Amino acid sequence: MSAITFKAVNQSNVASQQNFDVMEIENEFCRAVITRQGAQILSFERKIKNAETNVVDVKSLLWCSELSLQQFLDDLKSDRKTKAIRGGIPLCFPWFGGHLTDAKLPSHGFARTQLWDLTSVDESAQGHQLVFTLQNDVITDLFWHHQFRLTLSMTCSEQLHLVLGIENVGDTDFDCEFAWHSYFPVSAIESVKIDGLQGKKFLDQLTNETYVQQHTQIQFDQETDRIYQDVAGNYQIHDGLRQIDIQTKNCKSVIVWNPWVGKTQRLGDLAEQAWRDFVCLECADVQDNRLHIKAGQSALFSMSIF
Ligand code: BG6
């Protein structure tokens, strides 16, 4: 089965490919749900076929807060301003976390709440490839006075493969940060172990202290909010039941985040126990690894999840 369905929450019909709110993709290899807001992939389920029995198992590779998604759909229905959706892969750009000089500017930048253009859809024997773009306009100019073009290519196949291009289309250089703020599903946060960060320096955002990761694996027993720098780019998340592999190119930082009990209550878009069900491992270029992109130049980043 292979299909793309475009849905507009307020209308029964989608008049054009640019008129959708949510898009669902299904092919031989996977099922995916993507919103036009933020060009955000909310769900990616890989189909794994047992060659002997022909039985298809589904492996979920992304997690999304049902509460946050419901708030988003309700806001769309009533024409209210929508917020960032907590789940899948929001893209943070052009800054990560709070803005350095103006606390009123949106946390994690504006790319995750802007409407992107879907510029191409290709279907092949390997699955679907979609390309979304976001360019500076009067709205982004309110937040950041630079001329840029973001191109996000998503290949939905046996893996989820993302390629991000950040282009400086203006005539002055700019600095920026970006992060793929991915939410990964886990069976229980206390049993999660993450490989791939041993020996790496990190800033603990909760204490503002810098440490070096001594243990081979990261484990969780409290709120965790760390920014690792100068990382190698490949990680595995194990939770006893499943392993998720993440491979990146050009992403020199990684943020590891879980809000635990207290912050979950403060956030307001997570169910009470939701902190147990996900971990964020965010492949990025932030702080000391922020990007400097010269006028007329561009930079490319990629991430595969399987
Ligand atoms: C993480 C940050 O990337 O995102 C945390 O390291 C932050 O400090 C978290 O709390 C969630 O941010 P937001 O803006 O989506 O609530």
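**Exercise 1. Find the largest nonpolar core of this predicted model, and name the strand that gives the most to it.**

Step 1. Count the members. The largest nonpolar core has 66 residues.
Step 2. Pick out the residues with the most contacts inside this core. They are Phe-132, Leu-150, Ile-166, Phe-178, Trp-180 and Ile-237.
Step 3. Look for the main contributor. Strand 9, residues 148–156, gives the most, with five residues.
Step 4. Add the general background. Nonpolar side chains tend to be buried together in soluble globular proteins.

**Exercise 2. List what Phe-178 touches, leaving out residues up to four places away in sequence.**

Step 1. Use the contact cut-off: heavy atoms within 4.5 Å.
Step 2. Go along the chain. Phe-178 touches Leu-91, Cys-92 and Phe-93, then Leu-164 and Ile-166.
Step 3. Continue. Phe-178 also touches Cys-251, Cys-283, Ala-284, Asp-285, Val-286, Leu-291 and Phe-301.

**Exercise 3. Describe the shell of residues around the ligand.**

Step 1. Start with the nearest. There are 13 residues around the ligand, and Ser-107, His-181, Asp-225, Lys-263 and Glu-282 come nearest.
Step 2. Sort the shell by type. Four residues are nonpolar, four are polar and five are charged.
Step 3. Place the shell on the fold. Strand 21 (253–258) and helix 3 (260–267) each supply at least two of its residues.

**Exercise 4. Find side chains with a polar atom close to a ligand oxygen, and state how much of the ligand is covered.**

Step 1. Take the arginines. Arg-86 has a polar side-chain atom 2.9 Å from a ligand oxygen. For Arg-112 the distance is also 2.9 Å.
Step 2. Take the histidine. An N or O atom in the side chain of His-181 lies 2.8 Å from an oxygen of the ligand.
Step 3. Check the cover. On its own, the ligand has 390 Å² of accessible area, and the protein covers 86% of this.

Conventions:
Residues numbered from 1 in each chain as written. Predicted model: local features only at pLDDT ≥ 70, side-chain atom pairs only at ≥ 80, totals over all residues. Heavy atoms only, no water. Core = buried A, V, L, I, M, F, W, Y, C linked by side-chain atoms within 4.5 Å. Buried < 20%, exposed > 50% of the residue type's maximum accessible area, 1.4 Å probe, protein only. Helix = DSSP H or I, 4+ residues; strand = E, 2+ residues; numbered from the N terminus. Near = heavy atom within 4 Å. Polar contact = N/O pair within 3.5 Å; in protein donor to acceptor, adjacent residues only side chain to side chain. Areas by Shrake-Rupley, 256 points an atom, 1.4 Å probe, with all protein chains shown as cover. Nonpolar A, V, L, I, M, F, W, Y, C, P; charged D, E, K, R; others polar.
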